[in-house]
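Trainee: Could we go through this model together before I present it?
Mentor: Certainly; please bring it up.

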Amino acid sequence: MYINGTVITGPVFTYDSSYVVSTLAGISGKSGFADGIGTAASFHGPSDAVTDANGNIYIADSYNNAIRKITPNGVVTTFAGGVGAGADDGTGIGPFFNNLTGIAIDAAGTLYVTDAGNNRVRKVTQAGVVTTLAGSTYGDVDGTGTAAKFGWLQGIGVDKNGNVLVVDNGNCKIKKITPAGVVTTLAGNSIPGGKDGVGASASFCLPAGLAIDGNDNVYVAEGKFTFTTVGGTYQGNNKIRKITPDGTVSTFAGSGTVGGTNGTGTGASFDNPNGLRFDSNGNLYVTETYGQRIRKITPGGVVTTLAGTGFFGATNGTVDIATFYGPSGIGIDNKGNCYVADFTNALIRKISMQ
């Protein structure tokens, strides 16, 4: 990896050599907005990925303000949006988005996206009909529909009851939205911190990605940056936090220090964890936007490295030589294939068995 232009030798990993990384779609390092097959297609800032029951992949293409759809064989089309920045609802390419950051899917195949620039959560049916579930302008207000306010939304997930959980990054909170659009705060308060606890007694700092396990526990990735506000200077927690359905927050993995150490629970370390997604066996996959790696965490909290050397690049091949550049979100299909939104490379990468 590189820190301030200096090559730093990272930890030595043992990789599962049965996995290989390939490019599913996009042109390495060339941002654009073109539908097509494989490398004939292009993206601009792909930030998150999710799969449906048929193995199709949906991409939150942030700077194109579009949701893109990719078939398992790499055919890319524009599913919704893509005609410019805005907040209009509509169907197909009729609606507008403004900097999509996260995407999730429910059991019926309905998509939900965090529309960060509009401070809204949008709902997209399989017919491409886009509506606003909740949110309006920047703020921190619980309420119903457009009466609610968020501050720079990030990760998103859907629980078994159809409730949508979102990361309200600017307010350092995790919020819950019912199918009727009623917004409440599940955990966190407006003061950045790293305290475990219940509901508002817990605190977060730079929460980003979100995933929900089979028991409706919510997991949140927290970044590492140092930032200064009127309230003081804060350091991101660089951890994976767990929230039970009653709002009890604990630390699931990560020591808080910057690194790439494998281990169990707080014995492991991360370098700006971002995207999160569970597989069907309850394993949690984490993208490290600065660590340039994909990490895997078992239900017992054992952290290993799935792919990536720690150096940035766009090399395909076995997971021990593959490289990424700013991996953001991740989706996993029902066969266990991982799809990485490789943000800076403007690629969608696939990690699969050889």
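Mentor: We shall take confidence, then one sheet, then the pockets and an annotation.

Trainee: What does the chain average in pLDDT?
Mentor: This is a predicted model, and its chain averages a pLDDT of 94. A score of at least 70 is reached by 95% of the residues.

Trainee: And where is the pLDDT below 50?
Mentor: Over residues 1-9. Beyond near neighbours in sequence, that stretch has 13 contacts in the model.

Trainee: Now the sheet with strand 27. In which order do its strands run?
Mentor: The order is 26-30-29-28-27, which makes five strands in an open sheet. Their pairing is antiparallel.

Trainee: Which are the edge strands?
Mentor: Strand 26 (263-264) and strand 27 (273-278), each of which pairs on one side only.

Trainee: How many bridges join strand 27 to strand 28?
Mentor: Four, with strand 28 covering residues 284-288 and the two running antiparallel. Within this pair, L276 of strand 27 stands opposite V286 in strand 28.

Trainee: Changing topic: what volume does the largest pocket have?
Mentor: About 1100 Å³. Its lining comprises 44 residues, and those nearest the centre are T51, I105, R277, F278 and I332.

Trainee: Which strands each supply at least two residues of that lining?
Mentor: Strand 27 is one of them. The others are strand 5 (46-51), strand 10 (100-105), strand 15 (153-158), strand 20 (207-212) and strand 32 (327-332).

Trainee: How do the lining residues of the largest pocket divide by character?
Mentor: There are 19 nonpolar, 14 polar and eleven charged residues.

Trainee: And the second largest pocket, what is its volume?
Mentor: The second largest pocket has a volume of about 620 Å³. It is lined by 34 residues, with W152, Q154, A208, N274 and S328 nearest its centre.

Trainee: Which strand gives the most to that lining?
Mentor: Strand 27, with five residues. Strands 5, 10, 15, 20 and 32 also each supply at least two residues to the lining of the second largest pocket.

Trainee: How many charged residues are in the lining of the second largest pocket?
Mentor: Two, alongside 14 nonpolar and 18 polar residues.

Trainee: Last point: which residues does the NHL repeat annotation cover?
Mentor: According to the unreviewed UniProt entry, the repeat covers residues 97-127. In the model this span is 0% helix and 52% strand, and its end C-alpha atoms lie 17 Å apart.

Conventions: Residues are numbered from 1 along each chain as its sequence is written. This is a predicted model: local features need pLDDT of at least 70, side-chain atom pairs count only at pLDDT 80 or more; totals for chains, interfaces and linings use all residues. Side-chain values use heavy atoms; hydrogens and water are left out. UniProt positions are given in the numbering used here, feature names are shortened, and annotations may be inferred rather than shown by experiment. pLDDT is the predictor's confidence in each residue, from 0 to 100. Contact means heavy atoms within 4.5 Å. Two strands pair if DSSP finds at least two bridges between them. On a 1 Å grid over the protein atoms alone, a cavity is a set of points where a 1.4 Å probe fits but cannot get out, and a pocket is an open set with protein on both sides within 12 Å along at least five of seven lines; lining residues have an atom within 4 Å of a point. Grid points are joined across faces, edges and corners, and a volume is the space filled by probe spheres set on the points. Ala, Val, Leu, Ile, Met, Phe, Trp, Tyr, Cys and Pro count as nonpolar, Asp, Glu, Lys and Arg as charged, and the others, Gly among them, as polar.
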